[in-house]
Amino acid sequence: MVYYEMGQAGALAGLDPSVDTSGGWKLTTVTDQQKLDAFPSKYGVSPTMKFRHVPVSFGRMMVKIGFCQILTALDPGDFRPYCLPFLMGQRSNLSHVVGSNGAMDEPATQFGYVLRTHAFGKPDHIFLVAEVRLVANNSTPTYHVVVGDVVGRDNVASIRQKLGNPQDNVLNGWPVVIDPQMPKWTPKVWPNLASL
């Protein structure tokens, strides 16, 4: 299995949307070394592998999954979908809305995948972030997608109610105090989504 290791999404790191960090995305593989070692004796040939560097395709796939994850709890009209221009190809810098925890996580043997919806912000403005981990029962990265935001005290209250227990999935207050126990997508600065 082939994945990208990448840093935090630019929108959460305080980067301008024009700053493209996808050049630093690193291809990495998850390999079953035991099966790979047994392959030549079983089939009489050594395996060869080729990979294509396709960060745009991979990034758009993450945006699609993240957007759909948010839509499992919210209606399309509940939030401003910041990620849509990236999904539709109108904006090309996918590193602005897609990032990862920068490492391979330990296998979660009970799960084939992990999808989570998160929010952070103020009582009158929150941002929606989806966490995506594919093939989680292997050592794979956890990605995050900045999906959109919600503006207005009543709108935020409605979204928090729809998301369930806000203590479980909403970082309360701003600025967020960065600590090692916080999710890797925790923003370093207040995102500026007005530039789209």
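**Figure 1. The whole chain carries six helices and seven strands.** Welcome to this predicted model. Following the sequence from its start, you will meet these elements in the order β-α-β-α-α-α-β-β-β-β-α-α-β. The chain has 196 residues, and 41% of them are buried. Among contacts with a separation of 6 or more, 72% join residues 24 or more positions apart. About 10600 Å² of the chain is exposed, and carbon and sulfur atoms supply 53% of that area.

**Figure 2. Asp105 sits in the loop between strand 3 (98-100) and strand 4 (113-122).** With a relative accessibility of 21%, Asp105 counts as partly exposed. Look around this residue and, setting aside neighbours within four places in sequence, you will find Asp105 in contact with Arg133, Asn138, Ser139, Thr140, Pro141 and Thr142. Another residue to look for is Asn137: its C-alpha lies 9.7 Å from that of Asp105, although 32 residues separate the two in sequence.

**Figure 3. Phe39 and Tyr43 form a tilted aromatic pair.** Their ring centres are 4.7 Å apart, and the planes meet at 40°. Both residues belong to helix 2 (residues 33-43), where being four residues apart separates them by about one helical turn. Phe39 is partly exposed, at 28% relative accessible area.

**Figure 4. Phe67 and Phe79 make an edge-to-face pair.** Here the ring centres lie 6.2 Å apart and the planes stand at 70°. Phe67 comes from helix 3 (residues 55-71), while Phe79 comes from the loop between helix 3 and helix 4 (84-87), so the pair ties together parts that are 12 residues apart in sequence. Are these two residues, Phe67 and Phe79, buried or exposed? Both Phe67 and Phe79 are buried.

**Figure 5. Tyr4, Trp25, Phe58 and Tyr143 gather in one aromatic cluster.** To explore this view, find each of the four residues in turn: Tyr4, Trp25, Phe58 and Tyr143. For the wider picture, the structure holds seven aromatic pairs.

**Figure 6. Cys68 and Cys83 are shown here in a structure with zero disulfides.** Why is Cys68 in no disulfide? The nearest cysteine sulfur to that of Cys68 belongs to Cys83, and at 9.2 Å the two sulfurs are too far apart for a bond, because a disulfide needs the sulfur atoms to be within 2.5 Å. The surroundings of the two cysteines are worth a look as well. Cys68 is partly exposed, with a relative accessible area of 47%, whereas Cys83 is buried at 0%.

Definitions and conventions
Residues are numbered from 1 along each chain as its sequence is written. This is a predicted model: local features need pLDDT of at least 70, side-chain atom pairs count only at pLDDT 80 or more; totals for chains, interfaces and linings use all residues. Side-chain values use heavy atoms; hydrogens and water are left out. Buried means under 20% relative accessible area, exposed over 50%, partly exposed in between (1.4 Å probe, protein chains only). Helices (H or I, at least four residues) and strands (E, at least two) are DSSP runs, numbered from the N terminus. Contact means heavy atoms within 4.5 Å. Accessible areas come from the Shrake-Rupley method with a 1.4 Å probe; for residues, only the protein chains shown count as cover. Rings of Phe, Tyr and Trp (its six-membered ring) pair if their centres lie within 6.5 Å; planes under 30 degrees apart count as stacked, over 60 as edge-to-face and the rest as tilted.
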